[in-house]
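The following exercises concern a ligand and the pockets of a protein. Please work through each task before reading its solution.

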Amino acid sequence: MIRLFVPQELNPGAALPLDPGQSRYLAAVMRLAVGDELALFNGRDGEWRARITTLGKRNVTVTPEAKTRPQAPGSDLDLIVALVKRGRLETIVEKAAELGAARVRPVITQHTNADRVRLERLQAIAVEAAEQTGRLDVPKVFEPLKLEKLLAGWETGRHLLFCDEAGDAAPLIDALREAPGGAWAILVGPEGGFSPAERDRLRTLSFAIPVSLGPRILRADTAAISAMTLWQAALGDWRP
Ligand code: SAH
């Protein structure tokens, strides 16, 4: 069953127009016909069964019929990732969507080799991954911020798992075992790693927990995937 994320309200019988990209996908790529079924979600009203009501090459309208899944809150997890090369960053955004992150916050650090991202493309990747993975919301991808600025404005009560490749941090699984409740964030550094000054700064923060992801140096995407996986298994929604 095709699942599409739409921004509009979802009300039974209220036909809504899809955007040109989605229209082309249904009409030209998937070659659907009027009356065919699909699923819609908008991040607020759960998932709905819908049907195609008109089929233009670039303007398809669909009509929600009935809610099939109630809206449920996703995991309150932030993934903070230093800007790595474009392809890898796109992979990280896609995996963050599959692994249930609520927000992806790109950050600029001393060793990042970029300070801009193609935000629209990253957000589109997040939408596509959310559609594929069956979640009822889409992770929000933010504009890149300097790490220092993010830390200075840190959300009270949110714990930060600081993936520190320096090697003397506690194993991630131990940090999660003793984990206090509440909201969490995961921080992964750039290809060039964190600078000593950044590491010192992070280790002074009361809300930051330096953790090790084992004896090998992982690429940023591997580190992000590994940390999110362990977090979901220990504290997230991989347990009923
Ligand atoms: N260039 C650095 C490695 C950076 S890897 C070096 O050679 O030391 C990119 C990021 O992934 C790191 O900043 C860290 O956040 C995370 N990471 C990679 N391997 C890790 C490990 N074994 N333990 C903790 N974090 C790790």
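Two exercises on this predicted model follow, each with a worked solution.

**Exercise 1. Describe the surroundings of the ligand and its polar contacts with the backbone.**

Solution.
Step 1. Begin with the residues around the ligand. A residue belongs to this shell if one of its heavy atoms lies within 4 Å of the ligand. The shell holds 18 residues, and C163, E191, L213, R216 and L218 are the closest.
Step 2. Sort the shell by class. It consists of 9 nonpolar, 5 polar and 4 charged residues.
Step 3. Examine the backbone N or O atoms. One such atom of E191 is 2.5 Å from a nitrogen atom of the ligand, and one of G214 is 2.9 Å from a ligand nitrogen atom. For G189, a backbone N or O atom lies 2.9 Å from an oxygen atom of the ligand.
Step 4. Consider how much of the ligand is covered. On its own the ligand exposes 550 Å², of which the protein buries 84%.

**Exercise 2. Locate the ligand among the pockets, then characterise the largest pocket.**

Solution.
Step 1. Place the ligand. The space that the ligand takes is the second largest pocket.
Step 2. Turn to the largest pocket. This pocket contains about 580 Å³ of space. Its lining has 20 residues, with Q22, A124, V127, E128 and E131 nearest the centre.
Step 3. Assign the lining to elements. Two or more residues come from each of β1 (3-5), α1 (20-29), α2 (86-98) and α3 (119-133). The largest share, 8 residues, belongs to α3.
Step 4. Sort the lining by class. The lining of the largest pocket comprises 9 nonpolar, 3 polar and 8 charged residues.

Technical notes:
Residues are numbered from 1 along each chain as its sequence is written. This is a predicted model: local features need pLDDT of at least 70, side-chain atom pairs count only at pLDDT 80 or more; totals for chains, interfaces and linings use all residues. Side-chain values use heavy atoms; hydrogens and water are left out. A polar contact is a pair of N or O atoms within 3.5 Å; within protein, one must be able to donate a hydrogen and the other to accept it, and residues adjacent in sequence count only if both atoms are side-chain atoms. Accessible areas come from the Shrake-Rupley method with a 1.4 Å probe; for residues, only the protein chains shown count as cover. On a 1 Å grid over the protein atoms alone, a cavity is a set of points where a 1.4 Å probe fits but cannot get out, and a pocket is an open set with protein on both sides within 12 Å along at least five of seven lines; lining residues have an atom within 4 Å of a point. A molecule sits in a cavity or pocket if more than half of its atoms lie within 2 Å of its grid points. Ala, Val, Leu, Ile, Met, Phe, Trp, Tyr, Cys and Pro count as nonpolar, Asp, Glu, Lys and Arg as charged, and the others, Gly among them, as polar. Grid points are joined across faces, edges and corners, and a volume is the space filled by probe spheres set on the points. Helices (H or I, at least four residues) and strands (E, at least two) are DSSP runs, numbered from the N terminus.
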